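Welcome! Here is a short walk through a protein model, with the sequence and coordinates to follow along.

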Amino acid sequence: MKMKLISLCVLTAMSSYTATVEASSEKPSKEVKVWDITSEVGAIVTSGNTETTTLKGEIKAKHNLENWRNEYKVDGIFKEDEIENDDGEKTKERTNEKYSLSIQGNYKLVEDHSHLFIYGAYASDYFGAYRSETVLSIGYGLRLLSESNMYLDFEIGPGVKRFEYQDSSQEVDKDGNPLAGETESEVIGVGKLDYEWQISDNAKFTQVVSVEYGDTNTKTVSETALLTKINGSLQMKVGYNITHNSDVDAGKENTDTETSLTLVYSF
């Protein structure tokens, strides 16, 4: 089923290619900044009957050159909650902490309509399905939709992933040996859809869906966001992220969700 879906996406991409280039060539070119940088920050602190601290931050940068369009991203989230232990005492415990870094270089083949990409990412997650994940992939990307106020990009390619099991993991290998703290590597297939709609001068909607398909685990990430402009450089962002892992340790959920309200500043 997954291979059929990938094949359908490829056929759709190739059939849309000629029409996309011809249609977009008739539109006036949009001015693109050499550097497009945004920083995002959010914090929630509660006290009283419940004490919680949540911090979230992200920096994105796009570097537009004549033949290359490069993307850089750093983000992190930290959460600390007040927990009541077995003795009835309230103590603060870290309940979520993860950080990630990604870099992607896109070599333009036909202006902004198709490209070859190389992608690298590292993620550290103290409470996720895996303690850390490193991904390196290459592939082909195509702009399926190009309008003055929206675009849709599609990417697909092979890659390799190296992942580390949590120290508390109860999984075992085929010989029955514990995998806690161990690392493994596997070949994966990657795919991504990136959609952006500039609804008005003051509002923008974005949707990104990415898939990392492997024999050990298939990871799917959906990032949905609505941004509204406060002033020239400051925006408010409402985001909803879903991360689904097909194979997780016993006692862990396959799906993690995150709802956020943050401020975004554009440079």
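The report below looks at two strand residues and then at a cavity.

This is a predicted model, in which local features need pLDDT of at least 70 and side-chain atom pairs count only at pLDDT 80 or more, while totals for chains, interfaces and linings use all residues. Residues are numbered from 1 along each chain as its sequence is written, and side-chain values use heavy atoms, with hydrogens and water left out.

Let's begin with T206 and A225, summarised here. Strands are DSSP runs of E, at least two residues, numbered from the N terminus. Buried means under 20% relative accessible area (1.4 Å probe, protein chains only).

| Residue | Strand | Relative accessible area |
|---|---|---|
| T206 | β9 (residues 203–213) | 18%, buried |
| A225 | β10 (residues 218–229) | 5%, buried |

Contact means heavy atoms within 4.5 Å. Setting aside neighbours within four places in sequence, T206 is in contact with Y195, E196, E223, T224, A225 and L227. With residues up to four places away likewise not counted, A225 touches K204, F205, T206, K237, V238 and G239. One of these partners, K204, is 21 residues from A225 along the chain, and their C-alpha atoms are separated by 8.3 Å.

Now for the cavity. A cavity is a set of points on a 1 Å grid over the protein atoms alone where a 1.4 Å probe fits but cannot get out, and lining residues have an atom within 4 Å of a point. Grid points are joined across faces, edges and corners, and a volume is the space filled by probe spheres set on the points. The count comes to one cavity of 30 Å³ or more, and the largest cavity has a volume of about 30 Å³. Its lining is formed by Y130, E133, K161, F163, E186 and N217.

Note on methods
Helices (H or I, at least four residues) and strands (E, at least two) are DSSP runs, numbered from the N terminus. Buried means under 20% relative accessible area, exposed over 50%, partly exposed in between (1.4 Å probe, protein chains only). On a 1 Å grid over the protein atoms alone, a cavity is a set of points where a 1.4 Å probe fits but cannot get out, and a pocket is an open set with protein on both sides within 12 Å along at least five of seven lines; lining residues have an atom within 4 Å of a point.
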